[in-house]
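Please open the structure in your viewer and keep the selection tool at hand. The stops below go from the whole chain to single side chains, and each one says what to select and what is to be found there.

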Amino acid sequence: MIKSLILSSLIIIATPMLLLGQSEYLPKKVYEAYRVEVAPVINGVFDDEAWQQGNWEGDFTQLEPYADRPPSQQTEFKLAFDDANLYIAIKALDSAPDSITNRMSRRDNGDGDMVFVVFDSYHDLRTGFTFGLSSAGVRFDMIQSNNGQHEDPTWDPIWLAKAQIHDWGWGAEMKIPFTQLRFNKKSKAVWGFEVARQVFRKNELSLWHPIPRNAPGFMHAMGELDGLQTIEPRKQLDLTPYGVASMHTYETEAGNPYADGSDFKYNVGLDGKLGVTNNLTLDFTINPDFGQVEADPSEVNLTAFETFFEEKRPFFIEGKSITSFNVGLGDGDVGNDNLFYSRRIGRRPQGYPSLENDEYASVPRFTRILGAAKITGKTEKGLSVGFVEALTADTKAIIDLDGTERKETIEPLTNYSLARVQKDFNKGNSIIGGAVTSAIRKLDGTEMDYLHQNATTAGIDFTQYFKERNYMLNGALYMSNVQGSEEAISNTQQSSARYFQRPDANYLTFDETRTALSGVGGKLEFGKIGGNWNFLFMNVFKSPGLELNDMGYMQLSDNVLNVLWTGYNFTEPFSIFRSLNLNNDVYISNDFGGQITGIGYEYNINADFKNFWGAGIGGGWNFHDVSNRMLRGGPSMYLPNNGRIRYRVMTDDRKAFSAGFFGNHNWGAEDYYKRNSYTLFMTIRPMNTLSISLLPSYSHNLQELQYVSRQDMNDEDRYIFGKIDQRVLSMSLRINFNITPDLTIQYWGQPFMASGEYTDFKMITDSKADSFTDRYHIYSSGQISLVDNTYTINEDEDMNVDYSFDNPDFTVDEWLSNLVIRWEFMPGSTAYLVWSQTRNYYIQDGNFELGDNLNNLFTGDKATNTLLVKFSYRFGLR
């Protein structure tokens, strides 16, 4: 098997070396914009005086599916301007207007036939401002950075656009204020410029200026826009006050003065956007509210690591490509590592009040954000900047005892700061940058000395492109320093990221008297990113003392990972394929003591077919697996080799009904574990304004070693595990009803049921024994007994209890739902009506019975309901 895997890797690597073709570019097209004295009426008709000037520009070239061929439908456009705005008219000519796919959707969820314009107004060959419009009049906008490799669709500028169906096709008309773009004052340079069109029924994309499909980016290869040298940048000033009122109803708790069954709350705040200079924008929020944001999906996390959740709050996700300092590799857990994880700001409180008998507490679910501000943009000399400052409140729980109240801090007053800069030169081929973050907590008088008082990270990074950007070298070096009490730093040393207390880690020293801890990390990547064949060498390291989690995100330190990846893209249709991608990689990891912790191989095959279906298969095998964290502070443990395979099939998503199926199978040698999961995805579009999506998912995990507890016997540690039979069933329902592009109704609901039954309890005896079964001892019936949901262990069978632990069996059922009616009644001014409902059920029983789970979930305690109304109004002062 190993020989075949190595052979396949060599084939993928070696074959394309005979074809080391790189991206080839044509001379750049240039469009000359013209000035108008009378602004056109934006209606998609083009009968205004402004559009009688100039010539219609066309001659588009197909990008997908057949590069460099004429498109099936022609496209023409004009671009005009006055002192305040850009005006774009696009004729999407169509020989069959009745076949235009005209789907209504919410802003930024573009669907159906669409057109796009992209401006590189900095002309740095790296950054693009994209404006799109569907034939149904739905707007789409985003910022593209890093030569188009990073996309930020959360950017929502203030602009106007309309679409209209005609007998010759459909028309798109746009009005884009110069206040929404960033460009140099009195610049004599042209802008980067591109116009694109999507013909949905053919899944065809065409461009005004041709760009090779295998290009190592997008922005540097676009055409150019001339004629705007006389315009002046305009600074933006928007103020958007808001008001929100909400009613919560829930199960009444007898005797609890804070749980009488209902709560009414109201709040006001202010959001603002100010053009500090021509190129820098200040965004700020005072007393923000994010009640309209969808809840995180349910989960059961049995690991020692924190789950990464995506940011959903608009203030923090807009511009995240500028403030990010990613220190991970690829996708998944390793790829999420970052010096800045915005969900730390306004997080769930890290403390909980200590309650005496007969005391009740009102405990806030989230830390209140007093205010936040950020400055983002790019100077005339190519310096990109991102500054974030946020202050969160001293969050207190209110505790009652027989009518007497006291307060206890559960999250201290905290200031979060970030500075991120990048400078590009040499026409964007060389980039150097840096970042600094700081989290400072006021712990005096809080009894929360187990938290860090100060946490600082800093890093520098660089990127160098070679040979027309077909080759890339980038790297980063960063450090961290945390300071606090002896208790706080002891907790950090013993956390799951590093476990300094491991008895076999002779290169680590656990020091209970420390009041500070520092660490370093870095990454290096080199490879070929242009052309059909690509390769990449990647290295990432994190020293044992590295700690990013006060303001960033990181699961593991004490780790060195090396990856060699290669892949080949078939971009032109052939046989049954529209496109085909093959890639694979090998990797090896070790800790800072030199112990090799992992050796493995991965492969992936992804295909799009000419019938517009898609499919993929991938997997891998770990040839060597050693865990420094399996025993959660105990010695390293050898684990059996293990493998995985995943696959997917997707039908044509242009149809009124589309579906997909995903499967994932994981297994370990020596019956270590078996884990299977299945997900079905279905979308129904009974009309162009309505879509209904259903996503049922089921997983079953049988694992011989699931951590339960650590106990002490005769001054020796006992690491206790059990065999777990875990089942998880969930189903997400999502309904989108789009009455107009600015008036939408969205619903999301998810029942979630999970159970875990533990058997064959065991203790680890020799974590590095040659045979897997020799690494643990299963307690005999004479050694273990269950009494009142507590397991007692009589290890030497002398009738005395040596230690005990709680029954870990569980069944968790949850119901989450969210209904949002959103109306953008004016550009930037929005009204929300939100109804959310949650239900929870828990029992210390691991039996999975679907009928019982549903019955307990929906007939148990009263649901928690929240009805919220939010209104915001934008004052555009410039």
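What follows is a tour of a predicted model, beginning with the overall fold and ending at a single acidic side chain.

**The whole chain**

Select the full chain and colour it by secondary structure, which shows six helices and 47 strands. Its radius of gyration is 29 Å, close to the 29 Å that the globule rule gives for 878 residues, so the chain is as compact as a globular protein of that length. If you align the view with the principal axes, the C-alpha atoms fill a box of roughly 100 × 75 × 55 Å. Of the 878 residues, 53% count as buried, and the accessible surface comes to about 38,600 Å², with 55% of that area belonging to carbon and sulfur atoms. Among contacts between residues at least 6 apart in sequence, 65% join residues that are at least 24 apart.

**A salt-bridge network**

Which residues should be selected together to display a network of salt bridges? The linked set is Arg-107, Arg-139, Asp-141, Asp-156, Asp-742, Arg-822 and Glu-824, in a chain whose salt bridges come to 35. Zoom in on Arg-139 and Asp-742, whose side chains meet with an N to O distance of 3.5 Å. Arg-139 lies in strand E8 and Asp-742 in the loop between strands E38 and E39, so this pair ties together parts that are 603 residues apart in sequence. Arg-139 is buried, with a relative accessible area of 10%, whereas Asp-742 counts as partly exposed at 27%.

**Two further ionic pairs**

Next, select Asp-652 and Arg-654, which form a salt bridge of 2.6 Å, N to O; Asp-652 is buried at 3% relative accessibility, and Arg-654 is buried too, at 15%. Then move to Lys-396 and Asp-394, where the closest N and O atoms of the salt bridge are 3.5 Å apart. Here Lys-396 is partly exposed at 33%, and Asp-394 is likewise partly exposed at 33%.

**Backbone details in the loops**

Show the backbone at the loop between strands E3 and E4, where Pro-65 is placed; the peptide bond from Glu-64 to Pro-65 is cis, with omega near 0°. Continue to Asn-426, in the loop between strands E23 and E24, which has a positive phi of about 55° although it is not a glycine and which counts as partly exposed at 47% relative accessibility. Arg-469, in the loop between strands E25 and E26, also is not a glycine and has a positive phi of about 65°, but Arg-469 counts as buried at 3%.

**Helix H5 and its cover**

From there, select helix H5, residues 486-493, whose buried residues are Ala-488, Ile-489, Ser-490, Thr-492 and Gln-493. Displaying strands E26 and E27 as well brings up part of what covers these buried residues.

**A buried acid without a salt bridge**

Finally, select Glu-173 in strand E11, which spans residues 169-177. What surrounds this side chain, given that Glu-173 is buried yet has no salt bridge? The nearest side chain of opposite charge, Lys-162, is 10 Å away, and a salt bridge would need a nitrogen within 4 Å of a carboxyl oxygen. Two polar partners can be displayed instead: the side chain of Trp-51 joins that of Glu-173 in a polar contact of 2.7 Å, and the backbone nitrogen of Asn-43 lies 3.0 Å from a polar atom of the Glu-173 side chain.

Technical notes. Residues are numbered from 1 along each chain as its sequence is written. This is a predicted model: local features need pLDDT of at least 70, side-chain atom pairs count only at pLDDT 80 or more; totals for chains, interfaces and linings use all residues. Side-chain values use heavy atoms; hydrogens and water are left out. Helices (H or I, at least four residues) and strands (E, at least two) are DSSP runs, numbered from the N terminus. Buried means under 20% relative accessible area, exposed over 50%, partly exposed in between (1.4 Å probe, protein chains only). Lys and Arg count as positive and Asp and Glu as negative; His and the chain ends are not counted. A polar contact is a pair of N or O atoms within 3.5 Å; within protein, one must be able to donate a hydrogen and the other to accept it, and residues adjacent in sequence count only if both atoms are side-chain atoms. The radius of gyration is taken over C-alpha atoms; the globule rule is 2.2 Å times the number of residues to the power 0.38. Contact means heavy atoms within 4.5 Å. Accessible areas come from the Shrake-Rupley method with a 1.4 Å probe; for residues, only the protein chains shown count as cover.
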